[in-house]
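Please take a moment with the sequence and the model below before reading on. A slow turn of the structure on your screen will make the tour easier to follow.

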Amino acid sequence: MRAPQGWRWPALAAGAAGLAVVVLLAVSRRLDLVEALSAGAFVAGVTGLALLAADRSAQARFDNLMRSSVERAPEAPPYPALINALPDPILVVSAAERDDLTSRRYIFANSAARDLLRIDRGEGLLVSAIRDPQVLEAVDEALFAGLDAEAVYETGGVQDRFLRAYARPLGLALDGRRLAILMFRDETEFHRVERTRVDFLANASHELRTPLASLSGFIETLRGHAKEDPGARERFLGIMQAQAERMRRLIDDLLSLSRIELNEHIAPADRVDLAAAVMDVVDALSPIARERGVTLEPRLPAMGAPVTGDRDQLVQVVQNLVDNALKYSGEGATVRIVVEPGLSPDSATAGQRPDAARLALLTPDHPQGPYTALRVSDQGPGIARANLPRLTERFYRVEGQKSGERSGTGLGLAIVKHIANRHRGGLAVESGEGQGTTFTAYFPQAPAVVAQAPAAVAKVS
């Protein structure tokens, strides 16, 4: 900013001084007109330089005054910091020409957008961050048509998320480029609620049909010709009780699976000792193991094994895997439960049985580690290679294998897989016919874990 009168006063003063010299010298006739004009010009120049120096000094004082007043003025709001603090992902996009795809760039991305799109810079090519055609089309409508647009954006991967993308025009930048803002609103929970409702109704109607038909048939029989037969009545009532118990377990497992799927996109953040969870399950299942003549052999780190997770769900993982191993282990067999901390993704899924088939049933989208692995091994009949990919399907049971009186619902491994997915972990299986089976579930290790002591071996029979 300049002083109000700027350069005008030094110029006017110099001109006036020169004109006065010309008049005085010409009137006194001491010099002719040309000499008078030369002398006047010299005086005007000297006067102008003197006044110019004074004006520059005044201008410097004026600039310092304005600068100090600006420094004392209230600061502008920190808009980048405010946008970075917003929980919704936000991008500012610019573009030059509609036909030039490389001109579409995001020139600002807040923290939530960088986390969602996994970008490490605040600007770059738009197509390098978002490849969804519907979202890119919505951005083009905002940029070149000046219209509000929206689209559905799915991230994909094992932790799939559903977001609503909103594109809004922002006009033109100073360099003439078109600007638009792209915002995302997370609607994962709403989609999961609807899908969970549909899946629950479909699964419940399918799986409950058989026990309900069985119960209806036995009730009709008891009210008919078996009404006066005490032996048949006792036998039929036992079957009916078993069917009712199966229905109860089925509904409990379906509700549990639905709750897990509902929050599967939200990773837990608690610190849980996986070794302590294993011991709780071993203590609870020891009576069943003794009844079946099976030995439970936990091998746990002496210093514990802290992981980042939800304790109730981790206990459910251990219980489902150990319970499965007990079902398929004969009398005199041993079920080993091993907890190994500090593993990389590759070592967590490394094979434990040289001659067995191995398959990853769940792999994290972005494996980082370190992980803590839970391995549960049985000495049962094993599983054929062809059946391994279907183990985590709902209600799937390996054909020809009976689990005895304590039959399951076919949802145990599906629950384990979804819990591991919510914890950003993984699940693997290795098995061979006649060689037994080992399931490995691994979870992110909690930060600041101290070095572990050698494993301690205990046997519970």
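What follows is a walk through this model, from the whole chain to a few of its helices, loops and strands.

Keep in mind as you look that this is a predicted model. The protein chain has 12 helices and 15 strands. Of its 461 residues, 40% count as buried. How is the chain tied together over its length? Among contacts in the protein chain with a separation of 6 or more, 70% are accounted for by residues 24 or more positions apart. On the outside, the protein chain exposes about 25,400 Å², and carbon and sulfur atoms supply 55% of that area.

A good place to begin is helix α12, which spans residues 412-422. Is this helix covered or open? It is mostly covered, as nine of its 11 residues are buried. Those buried residues are L413, A414, I415, V416, H418, I419, A420, N421 and R422. If you colour them, you can then look for what they pack against: the helices α8 (230-262) and α10 (311-327), along with the strands β11 (357-362), β13 (426-432) and β14 (436-444).

Follow the chain out of the helix and you come to R424, found in the loop between α12 and β13. The phi of R424 is near 60 degrees, a positive value in a residue other than glycine. R424 is partly exposed because its relative accessible area is 24%, and partly exposed residues are those between the buried limit of under 20% and the exposed limit of over 50%.

R424 also leads us to another loop. H265 lies between α8 and β7 (271-273), and R424 is one of the residues that H265 touches. Setting aside residues up to four places away in sequence, the others are R161, T188, E189 and R192. Is H265 buried or exposed? Its relative accessibility is 14%, so H265 counts as buried.

Now step back along the chain to α8, one of the helices that the buried residues of α12 pack against. How far does α8 reach? Its 33 residues carry it 48 Å from first C-alpha to last, close to the 48 Å expected at 1.5 Å a residue. The residues buried in α8 are A232, F236, M240, R246, M247, L250, L254, S256, L257, S258, I260 and E261. When you look at how such residues are placed, a general point helps. An α-helix has 3.6 residues a turn, so residues three or four places apart point the same way.

The strands that pack against α12 bring us to a cavity. The count comes to one cavity of 30 Å³ or more, and about 40 Å³ of space lies in the largest cavity. Which residues line it? They are A348, T349, A350, R358, R375, A428, V429, E430, T438 and T440. The elements that give two or more residues to this lining are β13 and β14, and β13 gives the most, with three residues. By class, the lining has four nonpolar, three polar and three charged residues.

One of the lining residues, R358, deserves a closer look. R358 is found in strand β11. Leaving aside neighbours within four places in sequence, R358 is in contact with T349, A350, G351, V429 and E430; T349, A350, V429 and E430 are among the residues that line the largest cavity. R358 and S431 are 73 residues apart in sequence, but their C-alpha atoms are 6.6 Å apart in space. R358 is partly exposed, with a relative accessible area of 48%.

Two more loop residues round off the tour. P89 is found in the loop between α3 (79-85) and β1 (90-95). P89 counts as buried because its relative accessibility is 7%. Not counting residues up to four places away in sequence, P89 touches N110, A112, A113, L116, L182, M183 and F184. P89 and N110 are 21 residues apart along the chain, and their C-alpha atoms are separated by 6.5 Å.

The other residue is R118, in the loop between α4 (111-117) and β3 (124-125). Its phi is near 55 degrees, a positive value in a residue other than glycine. With a relative accessibility of 56%, R118 counts as exposed.

How values were computed. Residues numbered from 1 in each chain as written. Predicted model: local features only at pLDDT ≥ 70, side-chain atom pairs only at ≥ 80, totals over all residues. Heavy atoms only, no water. Helix = DSSP H or I, 4+ residues; strand = E, 2+ residues; numbered from the N terminus. Buried < 20%, exposed > 50% of the residue type's maximum accessible area, 1.4 Å probe, protein only. Contact = heavy atoms within 4.5 Å. Areas by Shrake-Rupley, 256 points an atom, 1.4 Å probe, with all protein chains shown as cover. 1 Å grid on protein atoms, 1.4 Å probe; cavity = no way out; pocket = protein on both sides within 12 Å on 5 of 7 lines; lining within 4 Å. Points joined across faces, edges and corners; volume = space filled by probe spheres on them. Nonpolar A, V, L, I, M, F, W, Y, C, P; charged D, E, K, R; others polar. Expected span 1.5 Å × (residues − 1).
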